[in-house]
Amino acid sequence: MSYSFNDARDWLRDIRFQLAFGTIVETPNGKSHAVLGAALHSETLECLLVIRNCETGAWTAVAPGAVETTGDEDDLTPQDLGCDARSAVRHRKGGVYTRIANVRSKDGVMVLYSAHADGMWWLRPAAMFEDGRFEASDETALALGELFE
C-alpha cells in the first residue's frame, strides 16, 4: 500500500500521540519493549514504532499493529538510551539531519535519523544511508531532549 507524504505524516502524529515515549508494549513473542517514538520509512512512507527491548536494550522498528499496549510506563529517560554517538549529516539534496542509532527491522538494519527542520523521525536501510546520499555536517547534532520530547 502506498501513502501520500501528508497522509503518512498525519498517521505518524497520531501514533506519537497515542503511544508516548516510555509506554510499554508487548510484541507477539511476549517480550516487553518501551516505545521510543515513531518514524516514517524513507522508501515506503510506512509508519513504524521504534521500540527498545526492556531486557536487552536492543532497538527495533515494528508496525504499530504488531504490538499491544500493557498500560504500563517505563521510567526511561533519553539519557538511558545510549545514543551518545549521534552525528549531524547533510543529505545531498540539502536537508540536515541527526543520525540517532541503528535499528533492526523486517528490512534488516535501518538507520534512524531526525530532520533538523521539523524533528520528524525517518528510517532508511543502512546500505542506502551509506551510499553517498549523506555526508558529515559541521552542524551540531540535535540534543537528546530535542529528539525524545
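This report walks through the fold of one protein and then zooms in on a few of its residues.

## Ground rules

The model is predicted, so local features are only described at pLDDT of at least 70 and side-chain atom pairs only at pLDDT 80 or more, while totals for chains, interfaces and linings use all residues. Numbering starts from 1 along each chain as its sequence is written, and side-chain values use heavy atoms, with hydrogens and water left out.

## The overall picture

Let's start with the building blocks. The protein has three helices and ten strands; here helices (H or I, at least four residues) and strands (E, at least two) are DSSP runs, numbered from the N terminus. Walk along the chain from the N terminus and you meet them in the order α-β-β-β-β-β-β-β-β-β-α-β-α.

How does the radius of gyration fit with a compact globule? For 149 residues, such a globule would come out near 15 Å, and the protein has 15 Å, so the two agree. That radius is taken over C-alpha atoms, and the globule rule is 2.2 Å times the number of residues to the power 0.38. Along the principal axes, the C-alpha atoms fill a box of roughly 40 × 35 × 25 Å.

Of the 149 residues, 47% are buried. Buried means under 20% relative accessible area, exposed means over 50%, and partly exposed is in between (1.4 Å probe, protein chains only). Now for contacts, meaning heavy atoms within 4.5 Å: among those with a separation of 6 or more, 53% join residues 24 or more positions apart.

On the outside, the accessible surface comes to about 8,000 Å², and carbon and sulfur atoms account for 46% of that. These areas come from the Shrake-Rupley method with a 1.4 Å probe; for residues, only the protein chains shown count as cover. As for charges, there are 14 positive and 23 negative ones, and their mean positions are 7 Å apart. Lys and Arg count as positive and Asp and Glu as negative, while His and the chain ends are not counted. Each charge is placed at NZ of Lys, CZ of Arg, CG of Asp or CD of Glu.

## Rings that meet

The structure holds eight aromatic pairs. Rings of Phe, Tyr and Trp (its six-membered ring) pair if their centres lie within 6.5 Å; planes under 30 degrees apart count as stacked, over 60 as edge-to-face and the rest as tilted. One of the pairs is Tyr 97 with Phe 134, where the centres are 5.9 Å apart and the planes sit at 75°, so this pair is edge-to-face. It links distant parts of the chain, with Tyr 97 in strand S7 (residues 96-105) and Phe 134 in strand S10 (residues 134-136), 37 residues apart. Tyr 97 counts as buried at 17% relative accessibility, and Phe 134 is buried too, at 10%.

Phe 134 also pairs edge-to-face with Tyr 113, at 5.3 Å centre to centre and 70° between the planes. Tyr 113 is in strand S8 (residues 108-115), 21 residues from Phe 134 in S10. Both Tyr 113 and Phe 134 are buried.

Elsewhere, ring pairs tie Phe 21, Trp 59, Trp 121 and Phe 148 into a cluster.

## A helix and its neighbours

Which residues of helix H2 (residues 126-133) are buried? They are Ala 126, Met 128, Phe 129 and Arg 133. These buried residues pack against strand S6 (87-91), S7, S8, strand S9 (121-125) and S10.

## Four residues to look up

Here are four spots to find in the structure.

| Residue | Where | Relative accessibility |
|---|---|---|
| Ser 32 | strand S2 (residues 32-41) | 31%, partly exposed |
| Leu 45 | loop between S2 and strand S3 (47-53) | 15%, buried |
| Phe 21 | loop between helix H1 (5-18) and strand S1 (23-26) | 23%, partly exposed |
| Ala 136 | strand S10 | 70%, exposed |

Leu 45 has a positive phi of about 65°, although it is not a glycine.

What do the others touch, leaving aside residues up to four places away in sequence? Ser 32 touches Ile 24, Val 25, Arg 52, Asn 53 and Cys 54. Phe 21 touches several residues, including Val 35, Leu 76, Pro 78 and Phe 148. Ala 136 touches Ala 88 and Val 89.
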